[in-house]
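Trainee: Could you walk me through the charged residues in this one? I'd like to practise reading them one at a time.

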Amino acid sequence: EVLGHWQSIWKVYRTIRERLYREPPDLVILIDYPDFNLRVARIARRMGVPTIYYISPQVWAWRQGRIRTIARLIDKMLVIFPFEKRLYDAWGVNCELVGHPLLDDLRPLPARSLLRSQLGLDPGRPTVGLLPGSRRQEVCRLLPAMLGAMRRLKERLPELQLVLAVAPSLEPGVVESIISTSGISRGSGLEVIIIPGKSDEVISASDAVVVASGTATLQAAIHEIPMVIV
């Protein structure tokens with residue numbers, strides 16, 4: 001997916017590089033996106049500019065050798081999970097646990113039956129929420145498989161209703177287009193209520209969710225909703 005945007009990414013990198021050389025700031029704060037940001041950190045280190053890195057690369061899962069690069073280039077890591085701090089402490093990296101930002105967004109939601117009514121769902125029917133991801137390519141790959149599984153499930157549970165959370169990062173109409181062109185819902189009685197930008201509400205309104213691996217899995221865990229991770 002990055003390759004399709006390589007030119008625009010390279011342009012942004014060059015702009016940042018030129019700015020760092022021309023007008024070095026007092027501090028650089030890097031957020032996520034390690035393949036890009038660690039390159040920026042190298043320039044900052046060369047220019048003597050201190051760096052803070054927020055949202056750690058998943059070094060515990062793959063390419064753990066990047067910790068050496070981080071220890072060399074980053075002045076302070078701000079991490080969101082306790083196990084990340086233990087890992088970085090073991091490598092001697094200056095690290096502070098700041099907690100996950102999702103916990104800052106927690107707010108009381110209505111009871112499930114009321115929430116379903118507000119979303120246009122039948123409060124009494126079994127409900128599965130679909131969260132196919134936040135990137136177009138990811139949704140194009142995963143949503144047809146999710147819909148195929150739901151069609152088979154509906155054969156066993158005719159009362160099943162589906163609600164789909166659309167991430168704010170997706171262009172309007174992407175999900176509708178995938179549902180229409182997949183043909184999976186045609187003739188199967190498979191109706192999907194599409195809700196933009198309300199993933200917490202969709203998760204809380206559901207008996208279970210089918211979710212793309214990522215931030216939404218943590219949301220489902222916070223709301224204690226059973227999930228199938230794709």
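What follows is a chat about the overall make-up of a predicted model and then about some of its charged side chains.

Trainee: Let's start wide. How many helices and strands are there in the protein?

Mentor: Keep in mind that the model is predicted. Its C-alpha atoms fill a box of roughly 65 × 35 × 30 Å along the principal axes. As for the elements inside that box, the count is nine helices and nine strands.

Trainee: And what percentage of the residues in the protein is buried?

Mentor: The accessible surface comes to about 13000 Å², with 54% of that belonging to carbon and sulfur atoms. To be called buried, a residue has to be under 20% relative accessible area. Of the 230 residues, the buried part is 39%.

Trainee: How far apart are the mean positions of the positive and negative charges?

Mentor: You average the places of the 29 positive charges, and do likewise for the 23 negative ones. The two mean positions then turn out to be apart by 8 Å.

Trainee: Now the salt bridges. Which residue forms one with R116?

Mentor: A search of the whole structure finds 10 salt bridges. In the one at R116, the closest N and O atoms are 3.0 Å apart, and the partner is D207. The pair links distant parts of the chain, since R116 sits in helix α5 and its partner in the loop between α8 and β8, 91 residues away. R116 has a relative accessible area of 4%, so it is buried, whereas the partly exposed partner, at 34%, is D207.

Trainee: What about E138 and R135: which of the two counts as buried, and which as partly exposed?

Mentor: Their side chains meet in a salt bridge, at 3.8 Å from N to O. R135 has 39% relative accessibility, so it counts as partly exposed. With 9%, the one that counts as buried is E138.

Trainee: R136 has a salt bridge too. How many residues apart in sequence are the parts that this pair ties together?

Mentor: The partner of R136 is E171, and the side chains meet at 3.8 Å, N to O. R136 lies in helix α6, while E171 lies in the loop between β6 and α7, so the parts tied together are apart in sequence by 35 residues.

Trainee: Are R136 and E171 buried or partly exposed?

Mentor: R136 has a relative accessible area of 44%. E171 comes in at 40%. The label for R136 and for E171 is partly exposed.

Trainee: Which residues are joined into one network by salt bridges that share partners?

Mentor: Here you look for salt bridges with a partner in common. Following those shared partners gives one network, made of R19, R22 and E23.

Trainee: K154 puzzles me. How far away is the nearest side chain of opposite charge?

Mentor: K154 lies in helix α6, residues 136–156. It is buried yet has no salt bridge. A salt bridge needs the nitrogen within 4 Å of a carboxyl oxygen. The nearest side chain of opposite charge is E159, at 7.0 Å.

Trainee: Then which backbone oxygens does the side chain of K154 reach?

Mentor: There are two to look at here, and each is a backbone oxygen. One is reached at 2.9 Å and belongs to P158. The other is reached at 3.1 Å and belongs to L160.

Trainee: Next is D200. With which side chain does its own side chain make a polar contact?

Mentor: D200 is in helix α8 and is buried, with a relative accessible area of 16%. Leaving out residues up to four places away in sequence, D200 touches R107, L109, Q219 and H223. The polar contact is at 3.2 Å, and its partner is Q219.

Trainee: Last one: E84. Which backbone nitrogen lies 3.0 Å from a polar atom of its side chain?

Mentor: E84 is found in helix α4 and is buried, with a relative accessible area of 1%. Not counting residues up to four places away in sequence, E84 touches S56, W60 and V79. The backbone nitrogen you're after belongs to I80.

Trainee: And how far is E84 from D200, going by C-alpha atoms?

Mentor: Along the chain, E84 and D200 are 116 residues apart. In space, their C-alpha atoms are separated by 25 Å.

Terms used:
Residues are numbered from 1 along each chain as its sequence is written. This is a predicted model: local features need pLDDT of at least 70, side-chain atom pairs count only at pLDDT 80 or more; totals for chains, interfaces and linings use all residues. Side-chain values use heavy atoms; hydrogens and water are left out. Helices (H or I, at least four residues) and strands (E, at least two) are DSSP runs, numbered from the N terminus. Buried means under 20% relative accessible area, exposed over 50%, partly exposed in between (1.4 Å probe, protein chains only). Accessible areas come from the Shrake-Rupley method with a 1.4 Å probe; for residues, only the protein chains shown count as cover. Lys and Arg count as positive and Asp and Glu as negative; His and the chain ends are not counted. The place of a charge is taken as NZ of Lys, CZ of Arg, CG of Asp or CD of Glu. A polar contact is a pair of N or O atoms within 3.5 Å; within protein, one must be able to donate a hydrogen and the other to accept it, and residues adjacent in sequence count only if both atoms are side-chain atoms. Contact means heavy atoms within 4.5 Å.
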